[in-house]
Amino acid sequence: MKITLSVIKADIGGFVGHSGVHPEVLQKVQEVGLKEVEKGNLIDCQTLVCGDDIALVMTHQHGVDSELVHGIAWRAFEEGTAVSKKLKLYGAGQDLLSDTFSGNVKGMGPGVAEMEFEERPSEPVIVFFADKTSPSAWNLPLYEMFADPMVCAGLVIDPKMHDGFTFEVLDTYTGKAVKLSTPAELYDLLALIGSVERYAVKSVWRNSDGEIAAVASTQRLSLIAGKYVGKDDPVMIVRAQSGFPAVGEVLEPFARPWIVEGWMRGSHNGPLMPVSFKQATPTRFDGPPRVIAAGYQIANGKLIGPRDLFDDPAFDRAREQAQLMADILRRQGIFEPHRLPSEEMEYTTLPKILKKLEDRFYELEEGKKAPTGEEHHTETD
Ligand code: 13P
Ligand code: 13P
Ligand code: MG
Ligand code: MG
Ligand code: MG
Ligand code: MG
């Protein structure tokens with residue numbers, strides 16, 4: 001049976017500030033989704049929450065980029081926004097960047113991760129959902145899950161995984177993508193995806209037979225809106241077991257927190273903290289960034305789950321480490337590298353402040369221009 005798993009998410013209003021979702025808003029979004037299950041348009045539909053974002057997890061047989069399915073998500077978020085507005089929640093409808101739906105939610109604000117596959121005799125999948133960060137937050141864990149044998153033992157042990165995986169990498173500035181096959185092109189992959197401000201992994205396929213293994217949302221709100229409208233807060237779907245990384249191999253990268261872009265005003269670097277559903281309420285300095293993992297078994301298209309996979313004391317140490325990293329970074333205050341570098345602040349309100357100061361700069365010594373970096377540049381390695 002061929003099914004499509006579509007995860008579409010949006011921030012349609014925060015409770016309180018940017019820290020959480022109001023139960024009435026969630027209920028409305030759920031209601032719209034469930035009606036579509038009753039009508040037979042969707043096989044199944046659930047919601048997940050991470051911070052102030054809501055994700056619709058939908059199964060159906062309409063394929064990816066379906067106008068029907070995208071339209072359902074858009075309507076659910078619109079109706080949820082009406083409730084947000086009534087309660088005057090913060091940033092009601094924040095991620096709905098257009099007034100009207102035109103066939104596909106891509107480019108309209110919501111984040112989308114969807115894949116179509118033949119349901120296996122047993123189909124475990126994990127939906128990851130992060131708040132206060134950008135799509136490139138998945139770059140490092142996807143590399144570790146699908147290309148680093150020191151994290152994913154299956155790459156060495158499982159004959160179906162031994163040929164490696166192909167990564168599709170999106171250049172979020174140009175909209176162009178490139179496919180790189182690992183292990184052969186591993187270093188080329190890393191040359192790109194280490195530049196987290198620009199490149200984001202879009203999808204991953206198994207080399208032995210071309211099966212889809214993972215898909216991430218790569219929407220960049222600031223590039224769509226041309227201004228700061230909150231962080232993207234991405235979702236990702238990963239298939240697990242029998243020919244894919246085991247559930248524990250998929251989760252393992254999150255046991256060692258790394259630093260991602262986002263946090264306060266989307267303008268800071270901070271540790272990505274793996275948390276239970278209940279702990280996905282970023283409040284300290286609007287963070288630190290959070291990630292939840294919802295595990296499902298798919299049975300004839302039905303979503304059996306979710307299991308709250310980071311609700312495990314084995315991730316307590318990661319949470320502790322993330323707290324420590326947060327303390328260390330917070331010591332920097334408004335200084336880089338806690339605050340993002342200037343180029344990344346382009347879409348925030350900081351340029352307005354800098355503009356005010358522009359006319360007040362003068363030559364420190366009359367007639368003597370300061371050397372530019374270029375004149376003094378020498379070739380080094
Ligand atoms: P169980 O024996 O608990 O099923 O574990 C199997 C396994 O391969 C775990 O990685
Ligand atoms: P969100 O993208 O989660 O709304 O965060 C916005 C923000 O500015 C937090 O400080
Ligand atoms: Mg928000
Ligand atoms: Mg958010
Ligand atoms: Mg956001
Ligand atoms: Mg078992």
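Two exercises on a predicted model follow, each with a worked solution.

Residues are numbered from 1 along each chain as its sequence is written, and ligands are numbered from 1 in the order in which they are written. Local features need pLDDT of at least 70, and side-chain values use heavy atoms, with hydrogens and water left out.

**Exercise 1.** Find which residues coordinate the magnesium ion (ligand 3), and state where Asp11 and Asp52 lie.

Solution.
1. Donors are N, O and S atoms within 2.8 Å of the metal (3.2 Å for Na, K and Ca); water is not among the atoms, so sites may look incomplete.
2. Asp11 (OD), His18 (ND1) and Asp52 (OD) coordinate this ion at 2.0 to 2.2 Å.
3. Asp11 sits in the loop between β1 (2-10) and α1 (23-39), and Asp52 in the loop between β2 (44-50) and β3 (53-60), 41 residues apart. Helices (H or I, at least four residues) and strands (E, at least two) are DSSP runs, numbered from the N terminus.
4. Asp52 also coordinates the magnesium ion (ligand 4), 4.4 Å from ligand 3.

**Exercise 2.** Decide whether His18 and Lys132 are buried, partly exposed or exposed, and find what links them.

Solution.
1. Buried means under 20% relative accessible area, exposed over 50%, and partly exposed in between (1.4 Å probe, protein chains only).
2. His18 has 23% relative accessibility, so it counts as partly exposed.
3. Lys132 has 6% relative accessibility, so it counts as buried.
4. The backbone oxygen of His18 lies 2.8 Å from a polar atom of the Lys132 side chain.

Notes
Predicted model: local features only at pLDDT ≥ 70, side-chain atom pairs only at ≥ 80, totals over all residues. Polar contact = N/O pair within 3.5 Å; in protein donor to acceptor, adjacent residues only side chain to side chain.
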